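I open this notebook to record what I looked up, entry by entry. The structure goes in before the notes.

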Amino acid sequence: MPLMDQGGRTLTIAVVEDNPRIRDLLEEEILDEGHTVLAYATAEAFLSSLQASQKLDLVLMDLMLPGMDGITCLKQLRQDNTLNSAPRVFIVTALNDSEKRREALDNGADDYVLKPDLFNRLPEILQAQLRR
């Protein structure tokens with residue numbers, strides 16, 4: 001059963017992930033929960049797609065992307081005034097590195113999630129976002 005709230009609210013979630021298998025799995029899971037997904041293979045594609053009228057609730061951003069990495073993209077997103085409201089950004093990575101975690105959080109990430117934990121945590125993440 002989808003996690004939409006009782007008012008029928010759905011989330012718009014951007015997934016920025018270069019691995020097509022992980023990107024597709026995330027997209028499928030989010031769609032199954034009744035939400036909208038915008039999927040991107042690179043940080044550059046994600047940033048160039050942003051529009052002032054666009055409302056993003058959540059961004060799941062891979063840390064290690066080709067070209068611009070997730071933290072650099074996060075910094076640009078936080079400095080950019082294109083969006084009407086700043087989305088929550090979760091850095092998603094296979095890298096269990098306390099320094100990278102601190103760097104991500106210091107630059108405006110709302111959380112740093114290890115990929116092995118992401119699929120187990122995704123329903124909780126979406127539900128928490130609906131309550132915001």
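**Entry 1. Terms, and a proline.** I take helices as DSSP runs of H or I with at least four residues, and strands as runs of E with at least two, numbered from the N terminus. The model is predicted. With that in place, I looked up proline 116 and found it in helix α5. Is proline 116 buried or exposed? The cut-off for exposed is over 50% relative accessible area. Proline 116 has 64% relative accessibility, so I note it as exposed. I also checked proline 116 against threonine 10: they are 106 residues apart in sequence, and their C-alpha atoms are 25 Å apart in space.

**Entry 2. The sheet.** I asked in what order the strands lie. The sheet is open and has five strands, in the order β2-β1-β3-β4-β5, with parallel pairing. I noted the edges next: β2 (36–40) and β5 (111–114) each have a single partner strand, so one side of each has no neighbour in the sheet. On average, neighbouring strands are turned by 20° against each other, direction ignored.

**Entry 3. Strand β1 and its partners.** I followed β1 (residues 12–16) to β3 (residues 58–62); four bridges join the two, and they run parallel. Towards β2, I found five bridges, again in the parallel sense. Individual positions I wrote down:

- Valine 15 has leucine 60 as its bridge partner in β3, and it stands opposite alanine 39 in β2.
- Valine 16 stands opposite methionine 61 in β3, and opposite tyrosine 40 in β2.

Which residues of β1 lie on which side? Thr12, Ala14 and Val16 are on one side, Ile13 and Val15 on the other, and all are buried. In a regular strand, side chains alternate between the two faces of the sheet. By count, five of the five residues of β1 are buried. I then traced the chain from β1 to β2: it passes through helix α1 (residues 20–32), and this β-α-β crossover is right-handed.

**Entry 4. Helices on the sheet.** I came back to the pairing of β1 with β3, which has four bridges, before turning to the helices. Helix α4 (residues 98–106) packs on the sheet and touches β4 (88–93) and β5. The direction of α4 makes about 145° with that of β5. Helix α5 (residues 115–131) also packs on the sheet, where it touches β1, β3, β4 and β5. For α5, the angle with the direction of β5 is about 140°.

**Entry 5. Nonpolar cores.** I asked which residues touch the most other members of the largest nonpolar core. They are Phe46, Val59, Met61 and Ile91, in a core of 24 residues. Two or more residues of this core come from each of β1, α2 (43–49), β3, α3 (70–79), β4 and β5. The most come from α3, which gives four. Nonpolar side chains tend to be buried together in soluble globular proteins. I listed the contacts of valine 59, leaving aside neighbours within four places in sequence: Ala14, Val16, Phe46, Pro87, Arg88, Val89 and Phe90. Apart from the largest core lies another of 17 residues, among them Ile13, Leu118, Leu122 and Leu126.

**Entry 6. Aromatic rings.** How many aromatic pairs does a search of the whole structure find? The search finds one. The pair is tyrosine 40 with phenylalanine 46, edge-to-face, at 5.5 Å centre to centre and 65° between the planes. Both tyrosine 40 and phenylalanine 46 are buried.

**Entry 7. Two positions to contrast.** I looked up threonine 93, which is in strand β4. Threonine 93 has a relative accessible area of 0%, so I note it as buried. With neighbours within four places in sequence left aside, the contacts of threonine 93 are Asp62, Leu63, Met64, Tyr112, Val113, Leu114 and Lys115. Asparagine 96 is in the loop between β4 and α4. Its relative accessible area is 66%, so asparagine 96 is exposed. I closed with one distance: asparagine 96 and lysine 115 are 19 residues apart in sequence and 9.6 Å apart in space, C-alpha to C-alpha.

Notes
Residues are numbered from 1 along each chain as its sequence is written. This is a predicted model: local features need pLDDT of at least 70, side-chain atom pairs count only at pLDDT 80 or more; totals for chains, interfaces and linings use all residues. Side-chain values use heavy atoms; hydrogens and water are left out. Two strands pair if DSSP finds at least two bridges between them. Axes are lines fitted to C-alpha atoms, for helices over the stretch in contact, and angles run from 0 to 180 degrees between N-to-C directions. Contact means heavy atoms within 4.5 Å. A nonpolar core is a set of buried Ala, Val, Leu, Ile, Met, Phe, Trp, Tyr and Cys residues joined through side-chain atoms within 4.5 Å. Buried means under 20% relative accessible area, exposed over 50%, partly exposed in between (1.4 Å probe, protein chains only). A crossover is right-handed if, with the strands pointing away from the viewer, the path from the first strand over the helix to the second runs clockwise. Rings of Phe, Tyr and Trp (its six-membered ring) pair if their centres lie within 6.5 Å; planes under 30 degrees apart count as stacked, over 60 as edge-to-face and the rest as tilted.
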